[in-house]
Amino acid sequence: MAYKTINPYTNEVVKEYPEATDAELMSAIDTSYQLFKQFKNQPISDRAKILHQIAKNMRNHADELAEAATVDMGKLLRESRGEVELCAIIADWFADHAEDLLKPDKIDTIANGEAEIQKHATGVIMMVEPWNFPYYQIMRVFAPNFMVGNTMLLKHASNTPTSAKMFADIVESAGAPKGSLTNLFLSYDQVTEAIADPRIQGVALTGSERGGRSVAEAAGKNLKKNTMELGGMDAFIVLSDANIDDVNDIAWRARLYNAGQVCTSSKRFIVMDNLYDEFVAKLKENFAKVKPGDPMDDETTLAPMNSEKARKKLQQQVDRAVAAGATVEYGNEPIDLPGQFFKPTILTNITKDNPAYGEEMFGPVAHVYKVHSEEEAIELANDSMFGLGGIVFGGDSNHAAEVAAKVETGMVFVNNFMVSLPELPFGGVKNSGYGREMSQIGQMAFVNEQLIVKADKPDLNNLAGGLVAVDKDSK
Ligand SMILES: NC(=O)c1ccc[n+]([C@@H]2O[C@H](COP(=O)([O-])OP(=O)(O)OC[C@H]3O[C@@H](n4cnc5c(N)ncnc54)[C@H](O)[C@@H]3O)[C@@H](O)[C@H]2O)c1
Ligand SMILES: O=CCCC(=O)O
C-alpha cells in the first residue's frame, strides 16, 4: 500500500512514506505492550497531565497541523483549524473526567464481603482510521484509551500519512512515553497480523462498511473486542410545522460540510409535501452559492474531494442513479478547476429500485424525497441498511424528539446541526457499526471491568458466603 500525500487541490505528490517492515511492526507491538504493563502501576493523574499537554501542543501548533490536514485531504483550512481545536477539547475533557469515569463502582450484594467493579486497562489497541477527519478520528480513540492505560498502534488511511505522523509527533512531544501511540504505515495483511498477536487486546476501526467487515472478521476470528464506526445514510426529516428558515439555513451546511465527506452528513432529505417545493428551491439556491477554490483561502467555501478515486467513484454513483431514473435538480456538471472538485448536486425521484436508494454517497450529493405523512417519513428514514445519525426539524421540539426516537439510528439531533463533543456518545446501529466512541460509554470500550469481592474470611453458614452450589456440610 502506497502511503502518499497528494494535494487534491493541485494533484501534486507532496510526500511519500515507506511502508513499515514486519520487524518494525513486531518491535512496535513489543514496546507498546511493555508500556501497557508499566502504565498499570502508574497513577492516572500522570497521564492526565500529559493529555492536557497534548491539547496544549495541538493548540500551539494549530496552524501547521491544519495546513497539513488540508494538504493531505483537501478540506477547507478553517475546517481543519476547527478539527484541531475539537481534538484539543476532547483531550482536555478526558484528561479532566477519566479519573472519575474510571472510579470503581460499588455493588450492593448478598455475597460475603464487599463487591466492586474496578476498571483496568486491557493491553494494546489496534486503531484503524479514515482520512476524512485526519486528527479527530485518532483522538476519539486515543484520549480515553491513553487515560485508562491502554497503549495504541495507529494505521491511518494511505492518503493522510502526513497528518498521522504529525499527530504521533505531537503525542511524543508532549512527553507521552514511547509506545503510547505508534503510527505505522501498515499493509492490510500487517493489520491482520497485528490483530492476531496476543498482545493486541482491542481493535477500533472507523471507515467504510467494507473495511469494517474485513477488520471485524479478523478481530472476531482472534476473539478480540472491537468497535466499528462505519458509514451512514443519515436522514434529515422536515416535519410539516418546521421553521423553514431554520431548515434552509442548516440543510445545505449539513450536506456540504467537509465537502460532504462526513459519515454523519445528512444524505437523505425527507420533506413533508407542504414544505417540499420551497425546500428544494432554497437548497438549490444555497448549493449554487458555494465558491470552489483553494482550500487554504478563507474565501473558498467548497473544497475539493479528498482524492481522484473518491471523485470518480461519486461520479459513477451519480451516473448510475440518473440512468436508473433519478432527476438531477441541480449540479452534476464539471467544475473547471484542476483539483478533485465535485459540484454540489441534488437528486430527486429516487425510487426504491434505484441503486442510489440504499448506497452511501460520500461527497456533496443530496437525495431529496417528498413524503405525505410523518409515518411515511419515519418509514423511509428507517428503510436503510445504515443507522448512524439523523436530524429532525419540527415546530414542536417535544414532538420532533418523539419522531427522533422512532428513527433507528445511534444519534439524532432535533432542530439543529449534528455536533460531536467528547461528552456525547458517538456511534451507530445496523451496518453503521457497533460500540460507541467518546463519552462515558467510549471510555469503557476497551476496559476490563473487573469484579473484586473482598471478604475477611469465608462464611459457610451464609448461603452466599461461598459458591451457592457448594454443599456447606460436605467434608
Ligand atoms: N461512523 C463513523 O464514525 C465514521 C467516521 C468517518 C468515516 N466513516 C465512514 O468511512 C468511509 C470513508 O472512509 P474510507 O472509504 O476511506 O473507508 P475505508 O474503510 O476504505 O478505510 C478506513 C481505514 O480502514 C483501512 N482499511 C480498509 N480496509 C481494510 C482492511 N481490509 N484491512 C485493514 N485496514 C483496512 C483503510 O486503509 C483506512 O485506514 C465512509 O463510509 C464513512 O461513512 C465512518
Ligand atoms: O465522519 C465522521 C465523524 C463526523 C462527526 O463526528 O460528526
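A cavity is a set of points, on a 1 Å grid over the protein atoms alone, where a 1.4 Å probe fits but cannot get out. Grid points are joined across faces, edges and corners, and a volume is the space filled by probe spheres set on the points.

The exercises below concern a predicted model, in which local features need pLDDT of at least 70, side-chain atom pairs count only at pLDDT 80 or more, and totals for chains, interfaces and linings use all residues. Residues are numbered from 1 along each chain as its sequence is written, and side-chain values use heavy atoms, with hydrogens and water left out.

**Exercise 1. Cavities**

Determine how many cavities of 30 Å³ or more there are, and state which helix gives the largest share of the lining of the largest cavity.

Solution. Step 1: the count comes to 2 cavities of 30 Å³ or more. Step 2: about 60 Å³ is the volume of the largest cavity. Step 3: its lining residues, defined as those with an atom within 4 Å of a point, include Arg 140, Asn 145, Thr 227, Arg 436 and Phe 446. Step 4: helix H5 (residues 136–148) contributes 4 residues, the largest share of this lining. Helices (H or I, at least four residues) and strands (E, at least two) are DSSP runs, numbered from the N terminus.

**Exercise 2. The largest pocket**

Describe the largest pocket by its volume, its lining and the elements that contribute to it.

Solution. Step 1: a pocket is an open set of points with protein on both sides within 12 Å along at least five of seven lines. Step 2: the largest pocket holds about 1,600 Å³ of space. Step 3: 48 residues line this pocket, and Trp 131, Tyr 188, Ser 208, Arg 210 and Lys 309 lie nearest its centre. Step 4: two or more lining residues come from each of strand E1 (3–6), helix H7 (188–196), strand E8 (200–206), helix H8 (209–221) and H11.

**Exercise 3. The two sides of H8**

Establish which residues of H8 are buried and which are exposed.

Solution. Step 1: the 13 residues of H8 should span 18 Å at 1.5 Å a residue, and the end C-alpha atoms are indeed 18 Å apart; the expected span is 1.5 Å times one less than the number of residues. Step 2: buried means under 20% relative accessible area, exposed over 50%, and partly exposed in between (1.4 Å probe, protein chains only). Step 3: Gly 212, Val 215, Ala 216, Ala 218 and Ala 219 of H8 are buried. Because these residues cover an arc of only 155° around the axis, they lie on the same side of H8; the arc is that of the directions from the helix axis to the C-beta atoms. Step 4: the face turned away from the buried side carries the exposed residues Arg 210, Arg 213, Glu 217 and Lys 221. Step 5: the cover over the buried residues includes H7, E8, E9 and strand E19 (433–434). Step 6: after H8 comes Leu 223, with a positive phi near 55°.

**Exercise 4. The two sides of H11**

Carry out the analysis for helix H11 (residues 308–323).

Solution. Step 1: H11 has 16 residues and reaches 22 Å from its first C-alpha to its last, close to the 22 Å expected. Step 2: its buried residues are Ala 310, Leu 314, Gln 317, Val 318 and Ala 321. They share one side of H11, because their arc around the axis is only 95°. Step 3: Lys 309 and Ala 323, on the other side, are exposed. Step 4: strand E13 (345–348) and strand E14 (365–371) are among what covers the buried residues. Step 5: Gly 325 follows H11 and has a positive phi, near 110°.

**Exercise 5. An annotated residue**

Locate Glu 229 and decide whether it is buried or exposed.

Solution. Step 1: an unreviewed UniProt entry places the feature "active site" at Glu 229; such annotations may be inferred rather than shown by experiment. Step 2: Glu 229 belongs to strand E9 (residues 225–229). Step 3: its relative accessibility is 2%, so Glu 229 counts as buried. Step 4: with neighbours within four places in sequence left aside, Glu 229 has contacts (heavy atoms within 4.5 Å) that include Arg 140, Thr 206, Phe 426, Ser 432 and Arg 436.

**Exercise 6. A buried residue of H9**

Characterise the surroundings of Val 247 in helix H9 (residues 244–256).

Solution. Step 1: Val 247 counts as buried because its relative accessibility is 0%. Step 2: beyond residues up to four places away in sequence, Val 247 touches Phe 236, Val 238, Ala 242, Phe 279 and Phe 393. Step 3: Phe 279 stands 32 residues from Val 247 along the chain, and their C-alpha atoms are separated by 8.1 Å.

Methods: Chains are lettered from A and ligands numbered from 1 in the order in which they are written.
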